[in-house]
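Q: Please take a close look at the ligand site in this model. Then set it against the strands, helices and loops elsewhere in the chain.

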Amino acid sequence: MIDIRPATAPIFHPASAQDYVPPLLLRALQLRRLQNVVRRAYQHVELFRSRMQERGLRPEDIRSLEDISRLPFTVKTDLRDTYPFGLFASPMQDVVRLHASSGTTGKPIVVAYTREDVEVWTNAMVRTLASCGIGAGDVVQNAYGYGLFTGGLGAHYGAEAIGATVIPISGGNTDRQIMVLKDLGVTAICCTPSYFVHLIERARELGVDLRDLALRVGVFGAEPWTDSMRRHIESNSRIHAYDIYGLSEITGPGVASECGCQDGLHIFEDHFYPEIIDPATGETLPEGEEGELVLTTLSKVAMPILRYRTRDVTAFLSGPCPCGRTLRRIRRISRRSDDMFIIRGVNVFPSQVEAALLAVEGTLPHYLIVLTREKGLDRMEVQVEVTPEVFSDKIGALEELQDRLVRELDNVLGIRAEVRLVEPHTIQRSEGKARRLIDRRHMAD
Ligand code: DLL
């Protein structure tokens, strides 16, 4: 049994009233907002207008929510191709904030907010924090990066607006993070899950056991993580670890959040309209089927986005949530469709590797997948750190652990991977999004 501090009584914040609206009212609101946003996109953004015209579509043709499927998709390259301001629907005079997200290649994408957009974003973050059980009186250590990344300022505005005390520490400087956690009576922390795993470990080295502190909630997101990782975090820190989701193109954090039930993330549907499609055909999938999440901003002024293909893979959860929220839930995002790699003909996602590794006792949740090609043959090596106890044990124990991991990976993935056990601290720690995969196969071509 995981020993977790009891949650405080559920917190209801007035901003969360929208989380409980009867579905019929919500649908009516969504339709009105969808019609507005389509009109705005059509009038002010050349790309949306020309794509709609190509389909013979005019804003008045959107008469029901189902009509959304007649609209064209938007993809990441559209944001790159129109860099920097091509998708703005407002003059710069009305834009009060710019953020940017650097992809792995080429130019970043730039996103814009009017004052009203910042208010909507803040409202979504207040509702996110409230659903994670945070309210006035909490002391929130915000270790998401401040800057062009949306995590830092997004969480900051939400935490301030909810009436909590915010410590804007940003990412990095781990020893100072631990001092602050301990000395300033921090009750909630916001950061990536991988960074929190690092904090737990470093705290232990400094003689601090997070289980003894006032910390009771973690608001984790910005990267995929598994339920096994949640169990590791909760049992090693005695906090409730919640998953929050968002992306710069749509607003930043605050698109969806878990509630106290920790069973799926509620989408703030009054601002972000979700669809799940078959990534191959673009067709909308029936409820419960796994596919690509597509989002339309319903309230964005400066940069409305129609049917954005997130590449994030999930499914709608059916049935009402015991928390009483009427907002639809999605399953936690375990992967991106473009995360997948193919090794010897088998499709593999990093999250499957994580689940396999954490199922075996003696490993730490620090791992790296390295793909290489030798004489035309793909090789997959999984480097994983082992606990200091295992590492200092006899050679035999290490070999046995290695065999167990190879077998577990074979079970889960259906292929044989090589496993390299490494000492604690060998794999580079990240202060933000962790890097789990290095693909060196192209170098051999
Ligand atoms: O990561 C916004 C954010 C900040 C979300 C803080 C949550 C907390 P981007 O840098 O634009 O924005 O990256 C967005 O990160 O499309 C997903 O692939 C991934 N992602 C975000 N949250 C989660 C999550 C921020 N909870 C991209 N689970 C998204 C899995 C996530 N993946």
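A: What follows starts at the ligand and then moves through other parts of the chain. The model is predicted.

Start with the shell. The ligand is surrounded by 20 residues. The closest are D243, I244, S248, D312 and K433. Sorted by class, the shell holds nine nonpolar, five polar and six charged residues. Two elements, α5 (150-162) and β7 (240-247), each supply at least two of the shell residues. The most comes from β7, which gives five residues.

Now the polar atoms. D312 has a side-chain N or O atom 2.6 Å from an oxygen atom of the ligand. R336 also faces a ligand oxygen, with a polar side-chain atom at 3.1 Å. E223 uses its backbone instead: an N or O atom there lies 3.3 Å from a nitrogen atom of the ligand. On its own, the ligand exposes 600 Å². The protein buries 93% of that area.

Next, an open sheet. Four strands line up in the order β10-β11-β12-β15, and their pairing is antiparallel. Its edges are β10 (272-277) and β15 (335-336), each of which pairs on one side only. Inside this order, β11 (residues 291-297) meets β12 (residues 308-314) over four bridges, in the antiparallel sense. Opposite V294 stands R309 of β12. In general, strands of a sheet pair through backbone hydrogen bonds, either parallel or antiparallel.

A parallel pair is found at β3. Strand β3 (residues 139-142) runs parallel to β4 (residues 165-167), and three bridges join them. V140 stands opposite V166 in β4. In a regular strand, side chains alternate between the two faces of the sheet. Both faces of β3 are covered. V139 and Q141 are buried on one side, V140 and N142 on the other.

Q141 deserves a closer view. This residue belongs to strand β3. Q141 has a relative accessible area of 0%, so it counts as buried. Its side chain makes a polar contact of 2.7 Å with the side chain of Q177. Beyond its sequence neighbours up to four places away, Q141 touches I167, I169, Q177, V180, L181, V186, A188, I189 and C190.

Turn to the helices. Helix α9 (residues 350-358) is mostly covered, with seven of its nine residues buried. Those buried residues are P350, S351, V353, E354, A356, L357 and L358.

R33 sits in helix α1 (residues 23-44). Its relative accessible area is 24%, so R33 is partly exposed. Leaving out residues up to four places away in sequence, R33 touches D270, H271, L298 and S299. I233 is 200 residues from R33 along the chain, and the two C-alpha atoms are 39 Å apart.

Last, the loops and their backbone geometry. The peptide bond from Y83 to P84 is cis, with omega near -5 degrees. P84 lies in the loop between α3 (76-81) and β1 (95-101).

Two other loop residues carry positive phi values. One is Q262, with phi near 50 degrees although this residue is not a glycine. Its loop runs between β8 (252-258) and β9 (265-267). Q262 has 23% relative accessibility, so it counts as partly exposed.

The other is H425, again a residue that is not a glycine, with a positive phi of about 80 degrees. H425 is found in the loop between β20 (418-422) and β21 (437-439). The relative accessible area of H425 is 42%, so this residue is partly exposed.

To return to the site: the protein buries 93% of the area that the ligand exposes when taken alone. Polar atoms of D312, R336 and E223 lie at the distances given above. The shell also draws on β7, its main contributor with five residues. For a quick visual check, begin with the closest residues, among them D243 and K433. Then follow β11 and β12 through their four bridges, and finish at the buried Q141.

How values were computed
Residues are numbered from 1 along each chain as its sequence is written. This is a predicted model: local features need pLDDT of at least 70, side-chain atom pairs count only at pLDDT 80 or more; totals for chains, interfaces and linings use all residues. Side-chain values use heavy atoms; hydrogens and water are left out. Buried means under 20% relative accessible area, exposed over 50%, partly exposed in between (1.4 Å probe, protein chains only). Contact means heavy atoms within 4.5 Å. A residue is near a molecule or strand if one of its heavy atoms lies within 4 Å of it. A polar contact is a pair of N or O atoms within 3.5 Å; within protein, one must be able to donate a hydrogen and the other to accept it, and residues adjacent in sequence count only if both atoms are side-chain atoms. Accessible areas come from the Shrake-Rupley method with a 1.4 Å probe; for residues, only the protein chains shown count as cover. Ala, Val, Leu, Ile, Met, Phe, Trp, Tyr, Cys and Pro count as nonpolar, Asp, Glu, Lys and Arg as charged, and the others, Gly among them, as polar. Two strands pair if DSSP finds at least two bridges between them.
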